[in-house]
Amino acid sequence: MTDLADFVPTLLGVGLLMVLTVAVLSAFRAPHSVAPALAILRGAAQLAVISVILGGVITSPAWVSVALLVMFSVAAVTASRRLGWSWNSLGVVGGSMALGITATLVIVFSTGAIGFTPRYALAIGGIVVGNSMTIATLAGRHFAGTVIARWEEVEAWLALGATRRQSTLELARHAVYSALIPSTDQTKTTGLVTLPGAFVGAIFGGVSPLEAGRFQIVVLASIMAAGSITAVTLIGILAPVRVRPAPPG
């Protein structure tokens, strides 16, 4: 059993990092300078709760499924809010994410790339869900922002007889590309610039570096596949615009 005193250095370090974050953003007068600190506090509280819960359910397929469903629901709602909340937006974002995540996990587990156990399902499922949420947000916001900035160009294409989809086709393609840049760069530089959390966590858990590397490359490939499907599906639905979109929230 971990002694509560063991958490004091962690709390001190995290607290100082929060203060540093807020101080830097406040000095620059960035909007919502306290938001990152509040996000850290919320994340810490959620991790504390989920750590206690998962300690008792990580071997139960039913409870792991419930945990993944909760993760997915929160991720879909979060991405939808970033793109302008509505039930229709939630359906589009959630459906796009679900398609990408499901197709990816089916391949991972059906091929035996990773063993189909509750522990692995929770680990890779949570990672893929989180990254799909980020990619959906980036794709949707980039597309909306670009269309707004280049609305006169879109109208010109429409005036020349282009369909609504044709008038934003290049903007849609660039939105998908831009949304995948962080994941692409992370994958390209893994082992050279960064040691991903899944890799480090597996090693800390006693897994050999070779086995940890095998798990990590499956995770990275899964993120790219799920993110690509999510972004293409989402932007494919959003692309045929009738009117100039509202700025994303």
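# Helix packing and salt bridges in a ten-helix chain

Author: In this predicted model, helix α4 (residues 87-110) and helix α5 (residues 118-149) pack with axes 10 Å apart and at an angle of about 145°. Axes are lines fitted to C-alpha atoms, for helices over the stretch in contact, and angles run from 0 to 180 degrees between N-to-C directions. Residues are numbered from 1 along each chain as its sequence is written, local features need pLDDT of at least 70, side-chain atom pairs count only at pLDDT 80 or more, and totals for chains, interfaces and linings use all residues. Side-chain values use heavy atoms, with hydrogens and water left out.

Reader: What makes α4 and α5 helices here?

Author: Helices are DSSP runs of H or I with at least four residues, strands are runs of E with at least two, and both are numbered from the N terminus. By that rule the protein chain has 10 helices and 0 strands.

Reader: Which hand does the crossing of α4 and α5 have?

Author: The crossing is right-handed. A crossing is called left-handed if the near helix is turned anticlockwise from the far one by less than a right angle, and right-handed if clockwise.

Reader: Which residues of α4 and α5 meet?

Author: From α4 they are V93, M97, I101, L105, V108 and F109, and from α5 they are Y120, A121, I124, G125, V128, V129, S132, M133 and A136. Contact means heavy atoms within 4.5 Å. By class, this contact has 13 nonpolar, 2 polar and no charged residues. Ala, Val, Leu, Ile, Met, Phe, Trp, Tyr, Cys and Pro count as nonpolar, Asp, Glu, Lys and Arg as charged, and the others, Gly among them, as polar.

Reader: Why is the pair D185 and K188 called a salt bridge?

Author: A salt bridge is a side-chain nitrogen of Lys or Arg within 4 Å of a carboxyl oxygen of Asp or Glu. The closest N and O atoms of D185 and K188 are 3.8 Å apart, so the pair meets the rule. The two residues are 3 apart in helix α8, about one helical turn.

Reader: How many salt bridges does the rule give, and what are the others?

Author: The count comes to 3. R150 pairs with E153, with closest N and O atoms 2.9 Å apart. R173 pairs with E170, also with 2.9 Å between the closest N and O atoms. R173 and E170 both lie in helix α8 (residues 169-189), 3 residues apart.

Reader: Why is K188 called exposed and D185 partly exposed?

Author: Buried means under 20% relative accessible area, exposed over 50%, and partly exposed in between (1.4 Å probe, protein chains only). K188 has 59% and therefore counts as exposed. D185 has 35%, so it is partly exposed. E170, at 45%, is partly exposed, as are R150 at 35% and E153 at 35%.

Reader: How do you know that A37 is buried?

Author: A37 has a relative accessibility of 6%, which is under 20%, so A37 is buried. A37 sits in helix α2 (residues 35-57). Leaving aside its neighbours within four places in sequence, A37 is in contact with M18 and V22. A37 and T21 are 16 residues apart in sequence, with C-alpha atoms 7.2 Å apart.

Reader: What share of the protein chain is buried?

Author: Buried residues make up 31% of the 249 residues.
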